[in-house]
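Got the viewer open? Here is a short tour, with a suggestion at each stop for what to select next.

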Amino acid sequence: MLWFQENSMQLAKCSFRLLLRNLSASKTALPVLTLFTKHPCPLCDEAKEVLEPYKHRFILQEVDITLPENSAWYERYKFDIPVFHLNGQFLMMHRVNISKLEKHLQKLEQQGAGG
């Protein structure tokens, strides 16, 4: 139980740090697409290639889950990378779903345009 509480607290701290980064990045008007990754990760490399045509529509932030400060993310996603969050919210994992990404980006762009 103690392990779970410590892990939950660490995950909350990591989430808060990511949220702060996302909020500061939101001033640029571009959403933040966070890629949870590790090295090597051939699926992550493939995902970044698929995202290349869309890179002008978001800020790509990579989080290496193998770093000690990201151990809570490692515990959560070690078998699922790549994992993507858009503005701090889970979006997709394993492979890029372009239609899902496009739908969420359009929604955010409409909100940003006052629509």
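## Start at helix α2

The buried residues of α2 pack against β1, β3 and α4. Keep in mind as you click around that this is a predicted model.

To see that packing, select residues 42–51, which make up α2. Now pick out C44, A47 and L51, the buried residues of this helix. Look down the axis of α2: these buried residues fall within an arc of 60°, so they line one face of the helix. Swing round to the other side of α2 and you'll find P42 and E49, both exposed. The helix lies across β1, β2 and β3, and its direction is about 160° to that of β1.

## The disulfide

Next, show C41 and C44 as sticks. A disulfide joins them, with an S to S distance of 2.1 Å, and the structure holds 1 disulfide in total. Is C44 buried or exposed? At 1% relative accessibility, C44 counts as buried, the cut-off being under 20%. C41 is buried too, with a relative accessible area of 6%. Which hand does the disulfide have? The torsion about the S-S bond is about 70°, so this disulfide is right-handed.

## Zoom out to the sheet

Hide the sticks and colour by strand. You're looking at an open sheet of 4 strands in the order β2-β1-β3-β4, with mixed pairing. At the edges stand β2 (59–64) and β4, each with a single partner strand, so one side of each has no neighbour in the sheet. On average, neighbouring strands here are turned by 25° against each other, direction ignored.

Select β1 (residues 32–37) together with β3: the two pair in the antiparallel sense over 4 bridges. For a landmark, click L33, whose bridge partner in β3 is L86. Remember L86, as it comes back at a later stop.

Now move to the other pairing of β3. Strands β3 (residues 83–86) and β4 (residues 89–93) are also antiparallel, again over 4 bridges. Here V83 stands opposite M93 in β4. How many residues separate β3 and β4 in their hairpin? There are 2 residues between them, and N87 in the turn has a positive phi of about 50°.

## On to helix α4

Select residues 98–112 for α4. This helix lies across β1, β3 and β4, running at about 155° to β4. Click H104, which lies in α4. Leaving aside residues up to four places away in sequence, H104 touches L86 and L91. So this is where L86, the bridge partner of L33, turns up again, in contact with H104. Try the distance tool on H104 and L86: they are 18 residues apart in sequence, with 8.3 Å from C-alpha to C-alpha. H104 has a relative accessible area of 29%, so it counts as partly exposed.

## The whole chain

Finally, show everything as a cartoon. You should count 4 helices and 4 strands, following the pattern α-β-α-β-α-β-β-α along the sequence. Of the 115 residues, 34% count as buried. Among contacts with a separation of 6 or more, 69% come from residues 24 or more positions apart. Switch on the surface for the last view: the protein exposes about 7300 Å², and carbon and sulfur atoms supply 58% of that.

Note on methods. Residues numbered from 1 in each chain as written. Predicted model: local features only at pLDDT ≥ 70, side-chain atom pairs only at ≥ 80, totals over all residues. Heavy atoms only, no water. Pairing = 2+ DSSP bridges. Axes fitted to C-alpha atoms, helices over the stretch in contact; angles between N-to-C directions. Contact = heavy atoms within 4.5 Å. Buried < 20%, exposed > 50% of the residue type's maximum accessible area, 1.4 Å probe, protein only. Areas by Shrake-Rupley, 256 points an atom, 1.4 Å probe, with all protein chains shown as cover. Arc of directions from axis to C-beta. Disulfide = S-S within 2.5 Å.
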